[in-house]
Amino acid sequence: MFLVFIIIYLRTSSGFLLSTENRISTRNITCWNGSSSTLLFNCEACLVIARNYEIRTSLSLTGSGPLGITYQCLNVNQVEAYHENLVRECQNFPRGTLNGYDDFCIASPYSKLRGSYRACMCTINACNYNYTECVQRSSPYWNRQAPLFSNTIVQLTNRVKCFRPYEDYKQSTFSSLTQLCPSNDNECKNFLFDNGVLCWISVDRTNYITRQTLPPSIYVSHLIKYKAMLCRSFTWTSKSIYFSQCQEDETVCMCAIDGCDQDLETCQKSKAIHIYYYYYYYYSFFLILFYLY
Ligand SMILES: *[C@@H]1O[C@H](CO)[C@@H](O)[C@H](O)[C@H]1NC(C)=O
Ligand SMILES: *[C@@H]1O[C@H](CO)[C@@H](O)[C@H](O)[C@H]1NC(C)=O
Ligand SMILES: *[C@@H]1O[C@H](CO)[C@@H](O)[C@H](O)[C@H]1NC(C)=O
């Protein structure tokens, strides 16, 4: 006798959010704002970044900035976005903790020459005095109980093809969506088109539509900004998140399926269908798993 069991299992997913709650502050430390100048209070983590030249790009939170050293006090709404940015742009920045450093991070991956930098993040008082100091203070010697860090936003890695945003781009007065690439920078535009992980569509109060493709380094920052600060309500599917009651009466949707930013409805309804087929043959003992996406 030959028995076959087939189990079909439909997975429901909570979309891009690992937690629907906003992050809650877990520490209150001080950070330097410029070495030996002033201390800033109410920080969640401190950051120090060293650049050998000025880097101008909207594609990086941590990479962009003047020549020299910059210092930052990250608050509870910034810490995940900055951490994720470093994990994505640096060679070996640790994922599971806020304490870390990396000597080789790249702000604009399409052109290494345009943007390599060093960055260090640490979580004890005044630990970002300079880069060396920060590297020491983020090590296990100083920070034995190195707190584990967990994300509230899913790590998106699959490339998604969004509508090219710049064919007829015009900055809307009522939209918080800003242009990521200068109009004449085709290298930047092509990089975005080929490396997007999230599509974004925004409709302002005059019904003007703007679109943007978000790369791995900054999509978390945009998602958290809308979720925690700019909008009062959101709904989601497995592949989209739809924000309403936003500042300036803007409606914003972000999605991760090719072409899902065609219009707001398409974006809002974007769903992944996960169907798992398990075939179990009683005699031959093998298992086949189909993953329909
Ligand atoms: C940090 O220092 C800069 C000048 O170096 C100053 O412009 C800025 O306002 C300071 N930030 C805060 C939050 O004090
Ligand atoms: C954080 O600490 C400072 C003093 O170091 C204090 O003034 C401030 O109220 C504290 N903030 C919170 C949210 O506890
Ligand atoms: C960093 O700061 C320490 C003091 O905390 C100092 O001894 C060291 O010389 C500084 N390093 C650099 C490169 O400025």
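These are my notebook entries on two helices, a sheet and two ligand sites.

**Entry 1, the model.** I am working from a predicted model, and I keep that in mind throughout.

**Entry 2, helix α1.** I started with α1, which spans residues 79-89. How many of the residues of α1 are buried? I found 11 of the 11 buried, so the helix is largely enclosed by the rest of the structure. The buried set takes in nonpolar residues such as Val79, Ala81, Tyr82, Leu86 and Val87. It also includes Glu80, Glu84, Arg88 and Glu89, and I noted that Glu and Arg count as charged. His83 and Asn85 are buried too.

Next I looked up what does the covering. The cover over α1 includes four strands, β4 (45-51), β5 (68-74), β6 (100-106) and β7 (116-122). Helix α4 (219-230) is also among the elements that cover α1.

**Entry 3, the sheet.** I then traced how those strands are arranged. They make an open sheet of four strands in the order β5-β4-β7-β6, and the pairing is antiparallel. Which strands stand at the edges? They are β5 and β6, each with a single partner strand, so one side of each has no neighbour in the sheet. From one strand to the next, the twist averages 20°.

I took a closer look at β4 and β5. Their antiparallel pairing runs over seven bridges. In that pairing I picked out Ala50, which sits opposite Ile69 in β5. Back to the helix: α1 packs on this sheet and touches β4, β5, β6 and β7. I noted that the direction of α1 makes about 60° with that of β6.

**Entry 4, helix α4.** I checked α4 in the same way. Its buried residues are Tyr219, Val220, Leu223, Ile224, Tyr226 and Lys227. They span an arc of only 160° around the axis, which puts them on the same side of α4. What do the buried residues of α4 pack against? I listed α1 along with the strands β8 (198-203), β9 (209-214), β10 (231-237), β11 (240-246) and β12 (251-255).

**Entry 5, ligand sites.** I finished with two ligands. Ligand 1 is surrounded by Asn33, Gly34, Thr38 and Leu40. Sorted by class, its shell has three polar residues, one nonpolar and no charged ones. For ligand 3 I wrote down Tyr129, Asn130, Thr132 and Glu133 as the surrounding residues. The shell of ligand 3 has two polar residues, one nonpolar and one charged.

Technical notes. Residues numbered from 1 in each chain as written. Chains lettered and ligands numbered in written order. Predicted model: local features only at pLDDT ≥ 70, side-chain atom pairs only at ≥ 80, totals over all residues. Near = placed C-beta within 6 Å. Buried ≥ 20, exposed ≤ 12 C-beta atoms within 10 Å, placed from the backbone. Contact = placed C-beta atoms within 7 Å. Pairing = 2+ DSSP bridges. Axes fitted to C-alpha atoms, helices over the stretch in contact; angles between N-to-C directions. Arc of directions from axis to C-beta.
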